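Subject: The structure I promised you

Hi,

Here is the structure I said I would pass on. Have a look at it first, then read my notes underneath.

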Amino acid sequence: MKFRANGKRGNASSLGWIIIILSFAIGGYLMVGDAAKLQRIQIAYLEGLQTRLRSETVPLKFMVESREGGVIKAKIKFYDLSGREISSFEKSWPGGELYIDMLLFPVRGDKATGAADSYLAFPYRVFTDTVSAASGSLLFDSYDSGGFPEIFAGISWSAKEEKAIKSVFASARMKAAAGLPAAGEIKGSFGSAVHEASKLSRLEEGIVYKVVCRVKGGVEIMED
Amino acid sequence: MNDKLGAVKAILYAISDAAAFLFTTSLGIAILVAALVALASARLWSAVSDRRLAFKAAGEDFRLASAFGAALRELASLFGRAAAALPTIGGVALALVLVLGIADSSRKVDAYVAGQKRVAELSTTLRNLERRYKALELRVDDVKDGRISATLSFFDYKDLKAAPTTQTIDIAGKELFIDAIVCNFDYSSIASGSAINLAIPYRVFSDEVPEAEGIELSLFDTSGLPLMYRRSSDNVYGISSEAYEARLAELMSDIRTDESARKAGIVRSLYGDAVHRVAKKGESFTVWVEQSGGLTIKDLVAF
């Protein structure tokens, strides 16, 4: 009888161990599943951020048509966010290097420091190395559609977003007209005049270049 | 050890996949049912045939009812044997569930480890893309009578304790333009950390003074290297300080000609960028080289 009692106790003990091990195994299995789910969310978020940092908008493209007698002749075309051509214009300027000036306004930025999540970029003016910026050709009229900058058309905005874009554009136009910080100027805004550097990177005649705007405020000239 | 573990995993996954296919997919279940039906049919056919031979040997007619009875008996016997084998079938089913669980857990752990590597890679890429380097600082000293006085500071990263090199400028206008040559490298080089976008400020002009009449900046050392890209030997990893400077000089030479930079296949864009702001007395700001591309201006925040 004593032997049988020991046997029963041994069986119960084994069953207990099996239950404990199984509990740990099932718990571990569920935990790994949860961790994998969280990890997938984390990877998707990081990939989204990476894509966002590399993303670009191209509000305008241009081509130098000729350089004769110290005069640059260029054609500029404007595009909306879907890549549709909005308008174009052709002009000549005295000088050797073409400058495409962009105005950048922070959005969803930190009001105290002016730090921005991203920037809205507006083509501002064209000048050259010998024509001062103040005497340059303004570009706003080429894409102003009743107060809305058409370079931001092509995707659907909410009424609130559209109003905000219109307001920033109005501020940009006011700044351009006054040449001074307008009342209520958005903190953290700045200009970026990208240009060819004749000694290093000459813009070739007949080649189309695009002005690329990055989400963090950088502007680049790249061959299209 | 890894090879052995790999071999065990391969066997485990094969058993697990086969079990999962047979018991969880429609096709697998159909195959399993078909196999069982075929097996049972063979047993019934064999039993009926044996019975028919026995009837024949006894000189009796083997009627349909006899065949049906023989088949039913065999079927009952089959169910009886199956019922007797239920503990064994249950044990096998339990073992298969365990194999499936272990295989699934092992796969999840493998995927998790691979996922952690991906997270580390993405984090490094993002860190490199989000990085920005200070090109210069500017303080507007005075704005008076249509002229701007400002002090520009350039930092020598080779000697961080040294006071920044400064240059004072005075120019007509309301808006200050800081012109720089910008060299943006290919994203893959930036993301891996093997290259950083460069910017070399070289001139200041204004809204009223064109670039050609602007003021040259003097931020190069005696050997023609931009101060902000000089590094002390402590801050140069995996390469000697001399080799770093030689490589930097080579790079500067490369970006002096667009063609050679493009031939090297490393440069995404090379151009000039004059960032500008309306000058306000007492205001200070920093020009940054963004690793996602281009230059930006940020207010200098007092700390």
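Going along chain A from its N terminus, you meet the elements in the order α-β-β-β-β-β-β-β-β-α-β-β-β. That comes to 2 helices and 11 strands. Keep in mind while you look that this is a predicted model.

Chain A has 224 residues, and 32% of them count as buried. I also looked at which parts of the chain meet each other. Taking contacts in chain A between residues at least 6 apart in sequence, 56% join residues at least 24 apart.

One spot to zoom in on is the pair of strands β2 (residues 71-79) and β3 (residues 85-94) in chain A. They run antiparallel, and 9 bridges join them. If you want a landmark there, find A:Ile76, which has A:Phe89 of β3(A) opposite. Then follow the chain round the hairpin: there are 5 residues between β2(A) and β3(A), and A:Gly83 has a positive phi near 90 degrees. While you are looking at strands, here is a general point: in a regular strand, side chains alternate between the two faces of the sheet.

Now for chain B. Its secondary structure is made up of 7 helices and 9 strands. Chain B has 303 residues, of which 25% count as buried. For contacts in chain B between residues at least 6 apart in sequence, the share joining residues at least 24 apart is 59%.

Helix α1 of chain B (residues 2-24) makes a nice little check. With 23 residues at 1.5 Å a residue, this helix should span 33 Å, and its end C-alpha atoms are 31 Å apart, which agrees. Is α1(B) tucked away or largely in the open? Of its 23 residues, the number buried is 1, so α1(B) lies largely in the open.

Last, how do the two chains meet? On chain A, 45 residues are in contact with 51 residues of chain B. Three elements of chain A, namely α1 (2-54), β9 (190-195) and β11 (219-223), each give at least two residues to the side that touches chain B. The largest share of that side is from α1(A), with 14 residues. Sorted by class, the side of chain A that touches chain B has 22 nonpolar, 16 polar and 7 charged residues.

If you open just one view, I would start with α1(A), as the largest share of chain A's side touching chain B comes from there.

Cheers

Key: Residues are numbered from 1 along each chain as its sequence is written. Chains are lettered from A and ligands numbered from 1 in the order in which they are written. This is a predicted model: local features need pLDDT of at least 70, side-chain atom pairs count only at pLDDT 80 or more; totals for chains, interfaces and linings use all residues. Two residues are in contact if their C-beta atoms, placed from the backbone, lie within 7 Å. Helices (H or I, at least four residues) and strands (E, at least two) are DSSP runs, numbered from the N terminus. Ala, Val, Leu, Ile, Met, Phe, Trp, Tyr, Cys and Pro count as nonpolar, Asp, Glu, Lys and Arg as charged, and the others, Gly among them, as polar. A residue is buried if 20 or more other C-beta atoms lie within 10 Å of its own, exposed if 12 or fewer, and partly exposed in between; C-beta atoms are placed from the backbone. Two strands pair if DSSP finds at least two bridges between them. The expected span of a helix is 1.5 Å times one less than its number of residues.
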